[in-house]
Amino acid sequence: MFALISPLFFYVIGSIGVIIPLVLHLIQNRKTVKMPFSTIRFLLLAQEKSASRIRMENILLWIIRTCLLVFLALAFAMPMLRSKRMGTFFGRSPRDVAIVIDGSYSMDYNLGSKTVWTKSIDTATVICEGLSEQDRLCIFVARDHVEPIIEQLSGDIDAAISQIKALEFTQRSSQLAPAVMAAYDALTEADTRREREIHIITDMQALPWDSFGSQGATGDTVNASIDSAENDETENADPATTSSIGVWDPGKIDQKRSTFFVSLLGAESPENMSPLQLKIEPQLILANTSSKATVRIGYTGPAKSTTATLWIDDKEVSTQSIIVDANQTVECSFLVPPMSGGWHAARVEIPDDNLLLDNTFHVLVSVKERFPTLCVGSRDDTLFLRAALKAGQSKGGIEADWVEPGSINEDKLAEYSCIFLCNALPLAGGEVSALESFVDRGGLLVVFPGNSAMLGDYQAWNCLPALPTMIEPVGNSKRKEILHWETRQHALLQSLKIGESTLSVVNSKRLVWDKLEEHAESIILHGENPFMAGRKYGHGYVLLFSVSADRSWTDFPLSPFYLPIIHQIVEFGAGVGSHPQYVWCSDNIPLSQCLPEATYNTVLEAPDGTRLPVSSTLMGLQTVLSIENLNQAGIYRMTPPNGGEPVPALAVNMQRTESNLTPLDPAEIPDKLAVENVQVARDQEELLAQLMESRVGITFGEHLLWVVLILAILEFLLANRLSKGTSSMGPKLGIDAAGKPSTTQAGGGSN
Amino acid sequence: MIQKKKKIIIVKTETPAKEGTAAFLNPEEMNTLNRLVLMSRYVVEGNLVGAHRSPLRGHSSEFADHKAYGIGDDPKHIDWKVLGRTDKYYVKRFEDETNLRVYIALDRSHSMGYGSDKITKYEYACHLAAAIGYVTIKARDSVGLYLHSDKIDLAMDARNSFNHLNNMLKRVQGFEPESTTNIAEALHQIAGSVRHRALIIIISDLLGDETAITQALAHFRKRNHDVIVLQVLDPMEIDLAFKSPGDFEDLETNERVSVNPRQLRKSYNEVFGQFIDQYRKSCAEMKIDYRIALTNKPCDDFIRTYMTERQRLSR
């Protein structure tokens, strides 16, 4: 749409500019000086000859001069051409504006005098201040979920500005696509005739833009945060899976009315180092034994050297020098000195950089004094088992108790980390329930079949990895088979130093099952037949052997594999129900998975001293305890039920995805958004200029001034050429000193 | 003793205006012109025996007078006695030698009254006439005058005396440019009145009908006269180098035309160039010596250069 910023210049001065050359021309023609001349005959002839040429030259000069003045007036009138079809001639149309602010912790990057977050708040404020009374806006913050600030379009700009200034920074990651989609949906709910602006305020990080090209998925927001911690997939943890908003769909965007303004306020070449993961191994540490801490450090920036420091219980343990290449990940290890039993808070720190929030990684280390183990079965049935456990006792840690079947003290089951049932079935219903509860709370139950149990006795169990369908003798040809690891990555097998495919066991009898129960897996095979299966049940784990613990069904107890696997099972059991070493920041975490000992009265103390009570939610028939607002990274402490000093209960870290500050090429943004009207600004000034151009239009004043300059040069050359006229006729005639003209025709005429 | 005071009275007297030859030629110019000779390229008939070839046969033995020796004179006629007496060379002239009759046709039409600078074309033409007359008389040839516009206003026969030249120039001074440039008719009249072959010098701007004037010039040639055409022009007439537009008024017809000389200059040069070229070609065809005298060039320089060249070409 064409408009004039200062129309007065055009109408008044432009009109004058058109009239002036005409008036001058007329005035000039009237001004005459009388000149006597010998004869006007040749003047008349010349005039007749060049009348048309002179007329054309005069007209051309008049046109050039008129255009010069008109364009000059027009240039000062500042003509505009708007980039939108809509809009009134002398102003701009009302619009709906959506502002999406990146709320990830990478926005805390320090740029010198301000952080990216501060600049973003300022920019959002400036955008709001530039709106008129007719405009409306909505505001969303992109975190690991979409946080609406003003969810529906509102015309209260002042309130919006207040809310923007009141926004707080959180230590979370973000994905922009869900927030932008939510913002656009808010715009489309309103008047479709208005122009739309979608402002995306973020840093230069490429990561938040990945969601524009990926499928978003619904998922369990809570489990993902714990699972990723447990699975040590820090770098690959995709916060997009935490979003409940659908995919980015550029097909839904009204391209004609919508303009995207992307403000990239971060550093062009950011530098950031962050410990991505800290593992202390073994997972189950015995008291007074050394262990190893391995930290993986990620880095964005040019190659540099730095240090990393390990702290245990706020005491500096050691410092390692690190040399890291540009944009690389590096690992370094620390030797952890022996620790006493209990929970210990460990952390790795790197020196301060521009992004402070991710410079520390916290873990909680559980150190066991002992491995309490219970064997249930007859003396004969548990003979080999007890011998193996006894060997482990001397090694350190294993404390094995033994009871006959039917003598299980249900109240004391919680004291054990691992319970072996050796030909103990059938058990009473109460005992079965007690044992299942034991498993559910985080214990390890190991079941060895025997001659005492019938197939039906296994049916009473809900926690077994499989329900046996047969107890069969093994044919002679298949009695001696090699043991194979079916699930090599199982924690039970990872620490085994015995290699698979080297052990042969002779089985004369075995349990047979056709299928595995839910969450069950086959761990070891005897030839092609199952040997050991496992199943996660509640917080605990159940192992089911297909052979007995004694020699009645197999010579397994006599194999060199027996003792190591039994010890491994005991250690596995000690670590099964333990806490994860850390969890990610989250708004809500069920405590049953990370803090099973929590009760209704539990109060967690955040690193800054804030007290976080436990909340309970009824889900079906179960009451789920959870903790909310775990948004601070650090060690959360819990006061024991018996009182006393708070002890470390939970290590919380920020999702490290945002620590990768690999910058995005601004030229890629239009392709990622897949929309036509995209403006990318690197700072506030550039954004304001783009807004001016979009809302008001492009002024052609400067272009017209260039045209005026060209016209002025043209006029000068043309008028000058005309005024100079032709050269003197005398020399052309070639009249010599004696008055004789040359034979060359002067003037080009011919007789 | 009483001394009487003397009263001193200062009387201013005006220098009387120069007339005749003195009005046009100063002593320096005369000195320059003394050495010049106006030669005719063709056979002429003179009333005196002179250095010019005569169509008449024979050679009289009757001594007439002496003439200063000039280049081209027959050395056998050198009077050695005079040489011995005066150390100067003189030749004897006999009765049957013929001198040159020169008739000057001076245009006094109104257009001749134009001048963009200090001198008008008419004044310049009179100056030319005076110089030519002086050279002619100095060479003991005779000079006559026809002053004309569209008709003959003054006719003076050819005489060989400075007094005649002086009288001629005095008469010329009494006339002012006026009337129209319809000189063809006057030229025809002049051609008809000059009976014997003579050297006709036409001093005019020729701003008339080119065809008619060319025919008049042909009339002269038909009567076997040697013709010299001196076209007197003002530089402004050639270049039209006026800086500002104006109303140009014709001196003869009083017609006016508004013109911007800068815009018109190119076309004017073309048209005027054609006009000049037409005369040049016509005169060349008729073996008429056609020269252009610009009023911004010194007259004596022009005469000297022209006559020197003419003398050289006449051999």
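**Exercises on a two-chain predicted model**

A nonpolar surface patch of about 540 Å² is formed by Tyr11(A), Val12(A), Ile13(A), Ile16(A), Ile20(A) and Leu24(A). The model is predicted: local features need pLDDT of at least 70, side-chain atom pairs count only at pLDDT 80 or more, and totals for chains, interfaces and linings use all residues. Residues are numbered from 1 along each chain as its sequence is written, chains are lettered from A and ligands numbered from 1 in the order in which they are written, and side-chain values use heavy atoms, with hydrogens and water left out.

**Exercise 1.** Place Ile13(A) in its helix and classify its exposure.

*Solution.*
- Step 1: find the element. Ile13(A) sits in helix H1 (residues 7–30) of chain A. Helices (H or I, at least four residues) and strands (E, at least two) are DSSP runs, numbered from the N terminus.
- Step 2: recall the cut-offs. Buried means under 20% relative accessible area, exposed over 50%, partly exposed in between (1.4 Å probe, protein chains only).
- Step 3: apply them. Ile13(A) has a relative accessible area of 40%, so it is partly exposed.
- Step 4: recall the patch rule. Patches take residues with over 30% relative accessible area and no salt bridge; like charges are joined within 9 Å, nonpolar side chains (Val, Leu, Ile, Met, Phe, Trp, Tyr) within 5 Å. Areas come from the Shrake-Rupley method with a 1.4 Å probe; for residues, only the protein chains shown count as cover.

**Exercise 2.** Describe the interface between chain A and chain B.

*Solution.*
- Step 1: take the area. The two chains bury about 4,500 Å² between them, 60% of it on carbon and sulfur atoms. Buried area is the accessible area (1.4 Å probe) that two parts lose on being put together, summed over both.
- Step 2: name the main residues of chain A. Met35(A), Phe37(A) and Phe42(A) lose the most area to chain B, together 15% of what that side buries.
- Step 3: count residues. Chain A brings 46 and chain B brings 52 to the contact, where contact means heavy atoms within 4.5 Å.
- Step 4: count salt bridges. There are three between chain A and chain B. A salt bridge puts a side-chain nitrogen of Lys or Arg within 4 Å of a carboxyl oxygen of Asp or Glu. Lys34(A) forms one with Glu249(B), with the closest N and O atoms 3.2 Å apart.
- Step 5: find the elements. Strand E2 (34–37), helix H2 (41–76), helix H15 (701–724) and helix H16 (729–733) of chain A each supply at least two residues of the side that touches chain B. H2(A) gives the most, with 12 residues.

**Exercise 3.** Trace the surroundings of Ser274(A).

*Solution.*
- Step 1: locate it. Ser274(A) is in strand E9 (residues 272–281) of chain A.
- Step 2: check cover. Ser274(A) has a relative accessible area of 1%, so it is buried.
- Step 3: list partners. Leaving aside neighbours within four places in sequence, Ser274(A) touches residues including Arg296(A), Ile350(A) and Ser659(A).
- Step 4: look for a polar contact. One of 3.3 Å joins the side chains of Ser274(A) and Ser659(A). The term means a pair of N or O atoms within 3.5 Å; within protein, one must be able to donate a hydrogen and the other to accept it, and residues adjacent in sequence count only if both atoms are side-chain atoms.

**Exercise 4.** Examine the backbone at Pro426(A) and His519(A).

*Solution.*
- Step 1: recall the usual case. Most residues other than glycine have a negative phi, and most peptide bonds are trans.
- Step 2: check the proline. The peptide bond from Leu425(A) to Pro426(A) is cis, with omega near 0°.
- Step 3: check the histidine. Phi of His519(A) is positive, near 65°. His519(A) is exposed, because its relative accessibility is 58%.
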